Amino acid sequence: MRICLVAHGLPPREITGVEVHTAALAAALTRRGARVHAWVPEEDSARPRLGERRESRDGWEVTWVALGREAGSAREAASPPGLAARFGAWLDRERPDLCHVHHLIGLGPELLAEASARGIPVVWTAHDFWAECHRWTLLRPDLSPCPGPERERCARCDLAVAHLNELPGLGDYHVGVDPAALAPEARARLEALLHGDLADAGVG
């Protein structure tokens with residue numbers, strides 16, 4: 001069986017759980033006799049945009065696709081122009097029997113349509129909440145659980161992240177920050193941005 005794996009990265013360039021899991025799965029499937037080929041983007045300004053290079057890894061293959069220039073908008077960052085068509089051309093060339101998607105961040109959901117249009121079954125392992133939360137966590141920046149996406153709720157999240165970005169010395173708060181760790185004024189503004197009257201937070 002020919003299996004295509006799609007992920008945002010692979011070790012050693014990316015070493016989060018998703019990438020480590022994808023590489024381990026590729027190796028395990030290869031040991032069981034599958035022909036595995038991963039399709040992965042990379043930031044490489046030295047190669048032409050959407051240029052490909054191939055790499056062999058212990059019995060399985062990786063095609064790296066150069067994303068090239070910096071995205072001009074949030075839409076381009078989420079779904080780089082031309083990337084889905086490049087993936088479709090790759091599928092036509094490699095003809096996998098199954099496409100196993102591990103993450104589409106920075107790739108775009110259009111890749112799913114490319115596989116489906118060719119009758120290739122798609123399996124998606126949801127490693128996080130990316131499909132419904134642009135922060136991937138379904139946690140607000142104050143670490144409170146989010147009940148799900150909604151326009152005003154998501155906008156408040158973005159405002160709260162912008163507020164945290166302005167605070168000096170906060171360190172890495174990718175998932176969020178415990179409000180108790182903030183100075184009273186910063187904590188009050190974070191609370192107002194997320195849960196209270198936006199006018200109290202100086203918005204509008």
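The exercises below work through the fold, the sheet and some loop residues of a predicted model.

**Exercise 1. Describe the overall make-up of the protein chain: how many helices and strands does it have, and in which pattern do they follow?**

Step 1. Take the element count: the protein chain holds six helices and six strands.

Step 2. Put them in sequence order, which gives β-α-β-β-β-α-α-β-α-β-α-α.

Step 3. Add the extent. Along the principal axes, the C-alpha atoms occupy a box of roughly 60 × 35 × 30 Å.

Step 4. Add the burial: 43% of the 204 residues are classed as buried. The accessible surface is about 11,000 Å², and carbon and sulfur atoms contribute 55% of that area.

Step 5. Check the contact range. Among contacts with a separation of 6 or more, 59% are between residues 24 or more positions apart.

Step 6. Place the charges. The chain carries 23 positive and 29 negative charges, and their mean positions lie 8 Å apart.

**Exercise 2. Work out the strand order of the sheet and state which strands are at its edges.**

Step 1. Read the order: the sheet is open, has six strands and runs E3-E4-E2-E1-E5-E6 with mixed pairing.

Step 2. Find the strands that pair on one side only; these are the edge strands E3 (52-57) and E6 (122-124).

Step 3. Give the twist. With direction ignored, neighbouring strands are turned by 20° against each other on average.

**Exercise 3. For the pairs E3 and E4, E2 and E4, E1 and E2, and E5 and E6, give the sense of pairing, the number of bridges and one residue pair.**

Step 1. Start at the E3 edge. E3 and E4 run antiparallel and are joined by six bridges. Within this pairing, Arg57 is opposite Trp60 of E4.

Step 2. Go on to E2 and E4, a parallel pair with six bridges. Trp39 has Thr63 of E4 as its bridge partner, and Ala38 faces Val62 in E4.

Step 3. Continue with E1 and E2, which are parallel and share five bridges. Here Arg2 is bridged to Arg35 in E2.

Step 4. Finish with E5, which covers residues 98-101 and pairs with E6 in the parallel sense over three bridges. Val101 has Trp124 of E6 opposite.

**Exercise 4. Determine how far E2 and E4 are covered, and which strands helix H3 touches.**

Step 1. Count the buried residues of E2: seven of eight, so that the strand is mostly covered under the cut-off of under 20% relative accessible area.

Step 2. Repeat for E4, where six of the seven residues are buried.

Step 3. List the contacts of H3 (residues 83-94). This helix packs on the sheet and touches E1 (2-6), E2 (35-42), E3, E4 (60-66) and E5.

Step 4. Compare directions: H3 makes an angle of about 160° with E2.

**Exercise 5. Leu50 and Asp58 both have a positive phi. Where does each residue lie, and is each buried or exposed?**

Step 1. Recall the background: most residues other than glycine have a negative phi.

Step 2. Treat Leu50. Its phi is about 70°, although the residue is not a glycine, and its place is the loop between E2 and E3. Leu50 is buried because its relative accessibility of 9% is under the 20% limit.

Step 3. Treat Asp58, also not a glycine, with a phi of about 45°. Asp58 lies in the loop between E3 and E4. A relative accessible area of 76% is over the 50% limit, so Asp58 is exposed.

Step 4. Put Asp58 in context: the hairpin of E3 and E4 has two residues between its strands, and Asp58 takes its positive phi there.

**Exercise 6. Characterise the surroundings of Asp44: what is its location, its burial and its contacts?**

Step 1. Locate Asp44 in the loop between E2 and E3.

Step 2. Classify it. The relative accessible area of Asp44 is 18%, and since this is under 20%, Asp44 counts as buried.

Step 3. Leave aside neighbours within four places in sequence; Asp44 then contacts Ala66 and Gly68.

Step 4. Add a distance: Asp44 and Glu132 are separated by 88 residues in sequence and by 29 Å in space, C-alpha to C-alpha.

Key:
Residues numbered from 1 in each chain as written. Predicted model: local features only at pLDDT ≥ 70, side-chain atom pairs only at ≥ 80, totals over all residues. Heavy atoms only, no water. Helix = DSSP H or I, 4+ residues; strand = E, 2+ residues; numbered from the N terminus. Buried < 20%, exposed > 50% of the residue type's maximum accessible area, 1.4 Å probe, protein only. Contact = heavy atoms within 4.5 Å. Areas by Shrake-Rupley, 256 points an atom, 1.4 Å probe, with all protein chains shown as cover. Lys, Arg positive; Asp, Glu negative; His and termini not counted. Charge placed at Lys NZ, Arg CZ, Asp CG, Glu CD. Pairing = 2+ DSSP bridges. Axes fitted to C-alpha atoms, helices over the stretch in contact; angles between N-to-C directions.
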